[in-house]
Each structure stands twice: as C-alpha cells, then as structure tokens.
Amino acid sequence: MSSLPARAERRCHNAVNPLHSCLFFSPDLGAELGKLGVEDPSAVYFATRAAAFGPVGAGTVTATFYNFNPALVAQHVPAVWSVASPEQVLGARLRAADSTLRRLLGEEIIASDEMAEAARLALRATEACTPHARPLYAAHAELPVPDEPHLAFWHAATLLREHRGDAHLAALLAAGLDQVESLVSHTATGKGMAIRWILSSRGWRRTDWEAASGRLRERGLIVAGEEPALTDAGTALRAEVEDATDRMDRAPYEHLGAEGVERLTELGRGFLFTAASNGAFPAEATGR
C-alpha cells in the first residue's frame, strides 16, 4: 500500500521530466554537438542519450531506446564515437543543458531559492532509485552531480526520467507491445506526438506504422481509421501499462514523501510553465 496520493508519482514525473527532455528540442544541443563534428539530428540524439554508457555499439542503443528502428541506430552507432568521444559528448550535453535552462527560465529563476530547493528535493528522490534491470538509469547514476543548482536539478530530473523510462519498457514488454505498436497505441491515446514526427525521428516507414496498426486491430486494441483510436480493450491495456510503470517507479517518490512530492510537483510545474511560454517544445513534435 502506497503512502502517496493516487498517481502522485506520475504527476510529479510529468512536471519534472519536461525540464530534462526539453534539451532534446533545444538548438543549443545541436550547436554544442556540431562543434564536435556531430551534426545529423539522429546522431546527436543517440550520442547525447547513450554517452553515459561509454562507446557502446548499436545493439545496446537499440535495446535500451526501444522504439527506434534498429537500421536507423546502426547508421550512427558506433560510428559517432569516432567523431566525438562519450566524454566529449557528456561535456557538450551539460553545456547545452546550462544554456537551454538559462534561456528558457531566465537568470532570476536559475539563481532562485526555489531552484535550489527543487534540486535538493529531486536529488533526495533519486536516493531510492535502483539500478537492477534499469540500464539507462544505472549508467547515468554513475555520472557526477553538477555543482550549480539548476544543473543538479537537470541531472536529478535525468535520473528520475531514465529510472521511470526503464520501468516503462518493462511494462510495454509485459503488455506485448513491440517498438512500433507501442508508438501507435500511445498515439491512439491522443497524447502522443504527431505521426509524421514519430516516423521521421524514429526511422520507421508508413508501411511499418500500418503493419503495426493492423496487428493492434487484430488484437481488438484499436479501430480502423486515418488516425488510430483505442477500443475499450486498448484503453484498458494502455492504462495498465501506465499503472505498471507507476508501481515500478514508486520508490523514489515514497522516499521523498507526500509533502516533498507535492512540493517538487509544484516547483516543476512553475518551471515548466515558464519554459513552455518561452518555446521549449516545437509544435510539430506535439501537434496532431
């Protein structure tokens, strides 16, 4: 039995995670990686998120990123490490996180007591994260915590995101949803990214999408149409995926406690409102 209000961990994640993920939509990241010679957007993403592993091959990235076309991964990994080392990428990533947060939040928020408080709370939550069966979290947990509060907050948000993300992949596997089926069913919830954005960023073709849609229709999870829509069974399955993710990701928030979770959620929402107002997320990534 959880001591937290229902779905408190999910609400906190939804408030804090965008302050991590906004980096991947930031022109600052491409600029920093470009200085190292990494210019292709897919190579930038794979290198940035996988650098904590060290110079791994395509298999590790394919396994841990889950919904990307393996052929797309293989185009860039491990070749990207011959252009920029993981250590160089990690340095560029932190510089980009610094400039991105300063631009989106402003110097007043960056230097505020609220930012320092958010960093303390988020780092406290990470004390209860566990590495077993969580490869992306475990790799990032070995990185040092930055000194500046806004970067410490970003680092903690990254740990919390990868901890939950690893759990989410386990939930998708348990639900029998493969790489493309997970994308189609998520889009069918009405909360996913635009289909064209998904196909271009994940490396799948429209035929892959249609084939996955057909498999989901055969299972009675979506109905036919130009854009996917969930059946009652599909809605129940996606709800169970999210509930299972919550269960596997509850420990950090239980450790922080109900009051701490509520406060971190409040702070994260405030930061997120400011960041979104300053264009943190492009419309083409989220528009339907």
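Two residues are taken to be in contact when heavy atoms of theirs lie within 4.5 Å. With that in hand, this predicted model can be explored from a buried acidic residue outward.

Asp246 is found in helix α14, which spans residues 232-248. With a relative accessibility of 2%, Asp246 counts as buried. Leaving aside neighbours within four places in sequence, the contacts of Asp246 are Arg7, Glu9, Arg10 and Arg164. Of these partners, Arg7 is 239 residues away from Asp246 along the chain, yet the C-alpha atoms of the two are separated by 7.3 Å. Arg7 itself sits in the segment before α1 (8-21) and is partly exposed, at 47% relative accessibility. The backbone of Arg7 also deserves a glance, as its phi is positive, near 60°, in a residue other than glycine.

A second positive phi turns up at Tyr66, with a value of about 70° although this residue is not a glycine. Tyr66 follows helix α4 and belongs to the loop between α4 and α5. In contrast to the partly exposed Arg7, Tyr66 is buried, with a relative accessible area of 10%.

Helix α4 (residues 58-65) makes a friendly example of a two-sided helix. Its buried residues are Ala58, Val61, Thr64 and Phe65. They lie on the same side of α4, because the arc they cover around the axis is only 145°. The general geometry of an α-helix is worth recalling here: with 3.6 residues a turn, positions three or four places apart point the same way. The face of α4 turned away from the buried side carries Gly59 and Ala63, which are exposed. The cover over the buried residues of α4 includes α3 (41-50), α5 (70-76), α9 (135-141) and α10 (149-174).

Helix α3, one of those covering elements, is itself largely enclosed by the rest of the structure, because nine of its ten residues are buried. The buried set runs through Ser42, Ala43, Val44, Tyr45, Phe46, Ala47, Thr48, Arg49 and Ala50. These residues pack against α2 (27-35), α4, α5, α6 (86-105), α9 and α10. A view from the α5 side is given by His76, which lies in that helix and is buried, with a relative accessible area of 12%. Leaving aside neighbours within four places in sequence, His76 is in contact with Asp40, Ser42, Ala43 and Phe46. Beyond α5, the loop between α5 and α6 holds Pro78. The peptide bond leading from Val77 to Pro78 is cis, with omega near 10°.

Attention now turns to a pair of helices. Helix α8 (residues 113-126) packs with helix α15 (residues 251-277) at an angle of about 145°, and the two axes are 9 Å apart. Their crossing is left-handed. On the α8 side, the contact is made by Glu114, Met115, Glu117, Ala118, Leu121, Ala122, Arg124 and Ala125, while α15 contributes Pro252, His255, Leu256, Gly260, Arg263, Leu264, Leu267 and Phe271. By class, this contact comprises ten nonpolar, two polar and four charged residues.

Glu114 of α8 offers a closer look at this packing. This residue is partly exposed, with a relative accessible area of 38%. Leaving aside neighbours within four places in sequence, Glu114 is in contact with Arg263, Leu267 and Phe271. The C-alpha atom of Glu114 is also separated by 9.7 Å from that of Pro149, a residue 35 places away along the chain.

Finally, what of the cysteines? A search of the whole structure finds zero disulfides. For Cys12, the nearest cysteine sulfur is that of Cys129, 11 Å away. Seen from the other end, the sulfur of Cys129 has Cys12 as its closest cysteine partner, and the 11 Å between them is too far for a bond, since a disulfide requires the two sulfur atoms to be within 2.5 Å. Both cysteines are nonetheless buried: Cys12 has a relative accessible area of 1%, and Cys129 has a relative accessibility of 8%.

Key:
Residues numbered from 1 in each chain as written. Predicted model: local features only at pLDDT ≥ 70, side-chain atom pairs only at ≥ 80, totals over all residues. Heavy atoms only, no water. Axes fitted to C-alpha atoms, helices over the stretch in contact; angles between N-to-C directions. Helix = DSSP H or I, 4+ residues; strand = E, 2+ residues; numbered from the N terminus. Left-handed = near helix turned anticlockwise from the far one by under 90°. Nonpolar A, V, L, I, M, F, W, Y, C, P; charged D, E, K, R; others polar. Buried < 20%, exposed > 50% of the residue type's maximum accessible area, 1.4 Å probe, protein only. Arc of directions from axis to C-beta.
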